[in-house]
Amino acid sequence: MMPLTRDQQRRQQRHEDISRLLKANTTNDGYSKYQSDFAAFFREQLAVNLLTDGQLQILHGVHTYPTTVVTSATSTGKTWLLAGLAVAIFKSFDEVGVYIAAASPESNLRTLSWGEITKLMAHAPHLFTDTISTDLTISKTHLVRGKPKPSMSRIMGIPIPSQGRDAKM
C-alpha cells in the first residue's frame, strides 16, 4: 500500500475531526438516534417510505464523505433530498450549522432549495415547533428570560454571487 500524500493525510484528518465532532454533538430531544441513519429520519419523521437506491446511497454517503457532491439528470429528487437531509442534520445534532448554497441567480436558492424546505415545514410542522424562521434562515430557539431567542443551530441559505466584488473573493 502506498503512503498517503500530504493532501490525503489532511483530508483524512479533517474527516476524522468532523466525525469526532458529530459524535460529541448529540441532542437531547429524541432526534439524536437519526445521527447515523438519515434514511430512518425520512421514514419516521417525514413519512417517506420509498427512497431510490441512489437516494439511499447519498444519505449513507454523507456520513463517510462530509462534503458530498451529487450529479444526475433533472427532476430526479436531488433538491428534495437535500432539503430533507438539511432538516435531518439540523434536528439530529445540537449547535449545528447547515448551509445550503446555490448558484446565481438567487431565485434558484429561493424557489428550488428553500422552496423544498418550505414545503417540508408545511408537511412536517412538528419538526419546526422550536424554531424561528426568517429570510433564508431557520434557527432553533432557547428561552432567555422567558422569551424565545435563536440559538447558533440553524439552516441557512446562501446565494453564490456570479459577478462583482463578492464573486471575486
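E95 is exposed in this predicted model, with a relative accessible area of 51%. Because exposure begins over 50%, the value of 51% places E95 in that class. The residue sits in the loop that links α4 to β1 (97-102). Its backbone is also worth a look: E95 is not a glycine, and yet its phi is positive, at about 45 degrees.

S75 offers a second case of this kind. Its phi is near 60 degrees, again a positive value in a residue other than glycine. S75 belongs to the loop between α3 (53-64) and α4 (78-92), and it is exposed, with a relative accessible area of 77%. A further positive phi, of about 55 degrees, is found at A47, just after α2.

These residues are set in a protein chain with six helices and four strands. Followed along the sequence, the elements come in the order α-α-α-α-β-α-β-β-β-α. The protein chain has 169 residues, and 32% of them are buried. Among contacts with a separation of 6 or more, 57% join residues 24 or more positions apart. The accessible surface of the protein chain amounts to about 10,900 Å², and carbon and sulfur atoms supply 56% of that area.

Helix α2 (residues 38-45) makes a good starting point for the packing of the helices. This helix is mostly covered, with six of its eight residues buried. The buried residues are F38, A39, A40, F41, F42 and Q45, and they pack against α3 and α4.

Toward α3, the axis of α2 lies 8 Å away and the two helices pack at an angle of about 130 degrees. That angle makes α2 oblique to α3. On the α2 side the contact involves F38, A39 and F42, which meet L56, L59, V62 and H63 of α3. Sorted by class, this contact has six nonpolar residues, one polar residue and no charged residues.

Toward α4, the geometry of α2 is described by an angle of about 95 degrees and axes 10 Å apart. Here α2 is roughly perpendicular to α4, because angles of 65 to 115 degrees fall in that class. From α2, the residues in contact are F38, F41 and F42; from α4, they are W80, L81, G84, L85, V87, A88, I89, K91 and S92. Nine of the residues in this contact are nonpolar, two are polar and one is charged. F38 and F42 thus appear in the contact with α3 and in the contact with α4.

Helix α4 also packs with helix α5 (residues 106-123), where the axes come within 8 Å and cross at roughly 60 degrees. The two helices are therefore oblique to each other, and α4 passes α5 in a right-handed crossing. The contact draws on T79, W80, L82, A83, G84 and V87 of α4, together with L112, S113, E116, I117 and L120 of α5. By class it holds seven nonpolar, three polar and one charged residues. W80, G84 and V87 of α4 take part here as well as in the contact with α2.

Two individual residues add detail to this picture. Q55, in helix α3, has a relative accessibility of 9% and so counts as buried. Setting aside residues up to four places away in sequence, Q55 touches T76, G77, W80 and L81. Of these, W80 and L81 belong to the α4 side of the contact with α2.

F90, placed in helix α4, has a relative accessibility of 0% and is likewise buried, as the limit for that class is under 20%. Beyond its neighbours within four places in sequence, F90 is in contact with V96, V98, T131, I138, S139, K140, S153, R154 and I155. F90 and Y31 are 59 residues apart in sequence, while their C-alpha atoms are 9.6 Å apart in space.

Conventions. Residues are numbered from 1 along each chain as its sequence is written. This is a predicted model: local features need pLDDT of at least 70, side-chain atom pairs count only at pLDDT 80 or more; totals for chains, interfaces and linings use all residues. Side-chain values use heavy atoms; hydrogens and water are left out. Buried means under 20% relative accessible area, exposed over 50%, partly exposed in between (1.4 Å probe, protein chains only). Axes are lines fitted to C-alpha atoms, for helices over the stretch in contact, and angles run from 0 to 180 degrees between N-to-C directions. Angles under 35 degrees count as roughly parallel, over 145 as roughly antiparallel, 65 to 115 as roughly perpendicular and the rest as oblique. A crossing is left-handed if the near helix is turned anticlockwise from the far one by less than a right angle, and right-handed if clockwise. Contact means heavy atoms within 4.5 Å. Ala, Val, Leu, Ile, Met, Phe, Trp, Tyr, Cys and Pro count as nonpolar, Asp, Glu, Lys and Arg as charged, and the others, Gly among them, as polar. Accessible areas come from the Shrake-Rupley method with a 1.4 Å probe; for residues, only the protein chains shown count as cover.
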